[in-house]
Amino acid sequence: MRFGPRELLLLLVIVAIPVASWFLVFNPQNKRITEKKAEIEHKRELLERLRAETSRNSDLERANAETAATIRTIEARLPTNKEVDRIVRQVSTLAVDSGLQSPGLKSAKPVNAALYMEQPLEMKTSGEFEGFYGFLIDLERLPRITRIPDMKLERDSKGDGQMKCEFTLSIYFQDEAVKP
């Protein structure tokens with residue numbers, strides 16, 4: 001077999017085709033495959049995060065339902081502005097039933113308290129301390145939301161175990177004109 005320039009050229013072409021295909025076809029294709037695999041892995045991570053967040057949705061929905069039920073329960077304890085007078089009568093009846101004198105009431109202007117209103121009532125009463133303590137316990141058991149922000153207790157000047165009390169009773173209520 002003779003090895004001449006023609007055969008040498010054929011050998012160079014045969015060797016050049018795979019080398020050229022490596023640089024022009026396979027190497028760029030391998031880079032694209034690597035990039036696509038990285039992109040697929042990134043999308044899988046995002047999908048896993050999305051699945052985790054989606055699984056929390058049912059927990060959040062349940063928590064929101066529980067919160068809404070709690071809010072409805074608290075709002076049920078808030079009278080409307082028309083029912084405040086009935087609460088005042090209940091408080092007065094509680095004081096008399098506890099052995100205190102009928103309280104003197106002085107109503108102040110209602111105050112905004114977040115989404116609701118607060119009706120402060122300045123009350124004065126007198127009687128025995130045990131009766132007043134029972135009155136406070138009964139007041140605490142009322143189904144409505146009330147608070148006593150300030151209180152002043154004094155012994156009666158007669159010294160016979162009687163006391164005088166001045167306090168502010170705040171009753172929370174919903175203003176019917178402005179529903180939350």
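**Exercise 1. Find Leu105 in this predicted model and work out which residues it touches.**

Step 1: Place it. Leu105 sits in strand 1, which covers residues 104-107.

Step 2: Check its cover. Leu105 has a relative accessible area of 38%, so it counts as partly exposed, since that label covers values between 20% and 50%.

Step 3: List the contacts. Skip residues up to four places away in sequence, and Leu105 touches Val88, Glu122 and Met123.

Step 4: Look at Met123 again. Leu105 and Met123 are 18 residues apart along the chain, yet their C-alpha atoms are separated by 4.7 Å.

**Exercise 2. Decide whether Ser92 is buried or exposed, and find its contacts.**

Step 1: Go to helix 2, where Ser92 has its place.

Step 2: Compare its value with the cut-off. Ser92 has 19% relative accessibility, and buried means under 20%, so Ser92 counts as buried.

Step 3: Leave aside neighbours within four places in sequence. Ser92 is then in contact with Ser102 and Pro103.

**Exercise 3. Describe the largest nonpolar core and say which elements build it.**

Step 1: Get the size and the hubs. This core has 17 residues, and those with the most contacts inside it are Val91, Phe132, Phe135, Phe167 and Leu169.

Step 2: Name the suppliers. At least two residues each come from helix 2 (84-97), strand 3 (116-128), helix 3 (129-140) and strand 5 (162-173).

Step 3: Zoom in on Val91. Beyond its neighbours within four places in sequence, Val91 is in contact with Met123, Phe135, Leu139, Leu142 and Leu169.

Step 4: Add some background. In soluble globular proteins, nonpolar side chains tend to be buried together.

**Exercise 4. Now head for the surface: which residues form a nonpolar patch there, and how accessible is Val19?**

Step 1: Collect the members. The patch is formed by Phe3, Leu8, Leu11, Leu12, Val15, Val19, Trp22, Phe23, Leu24, Val25 and Phe26.

Step 2: Note the area. Together these residues have about 1,100 Å² of accessible area.

Step 3: Pick out Val19. This residue lies in helix 1, residues 5-76.

Step 4: Classify it. Val19 has 44% relative accessibility, so it counts as partly exposed.

**Exercise 5. How many salt bridges does the structure hold, and where do Lys43, Glu53 and Arg147 find their partners?**

Step 1: Start with the total, which is seven salt bridges.

Step 2: Take Lys43. Its side chain meets that of Glu39 in a salt bridge, at 3.3 Å from N to O. Lys43 and Glu39 are four residues apart in helix 1, so about one helical turn separates them. Glu39 is partly exposed, with a relative accessible area of 37%.

Step 3: Move on to Glu53. Its partner is Arg56, with the closest N and O atoms 3.3 Å apart. Both residues lie in helix 1, three residues apart, which is about one turn of the helix. Glu53 is partly exposed at 43% relative accessibility, and Arg56 is partly exposed too, with a relative accessible area of 41%.

Step 4: Finish with Arg147. It forms a salt bridge with Glu118, and the closest N and O atoms are 3.0 Å apart. This pair links distant parts of the chain: Arg147 is in strand 4 (residues 146-155) and Glu118 is in strand 3, 29 residues apart.

Step 5: Compare the two ends of that bridge. Arg147 counts as partly exposed at 39% relative accessibility, whereas Glu118, at 10%, counts as buried.

Note on methods: Residues are numbered from 1 along each chain as its sequence is written. This is a predicted model: local features need pLDDT of at least 70, side-chain atom pairs count only at pLDDT 80 or more; totals for chains, interfaces and linings use all residues. Side-chain values use heavy atoms; hydrogens and water are left out. Patches are made of residues with over 30% relative accessible area and no salt bridge: like charges are joined within 9 Å, nonpolar side chains (Val, Leu, Ile, Met, Phe, Trp, Tyr) within 5 Å. Accessible areas come from the Shrake-Rupley method with a 1.4 Å probe; for residues, only the protein chains shown count as cover. A salt bridge is a side-chain nitrogen of Lys or Arg within 4 Å of a carboxyl oxygen of Asp or Glu. Buried means under 20% relative accessible area, exposed over 50%, partly exposed in between (1.4 Å probe, protein chains only). A nonpolar core is a set of buried Ala, Val, Leu, Ile, Met, Phe, Trp, Tyr and Cys residues joined through side-chain atoms within 4.5 Å. Contact means heavy atoms within 4.5 Å.
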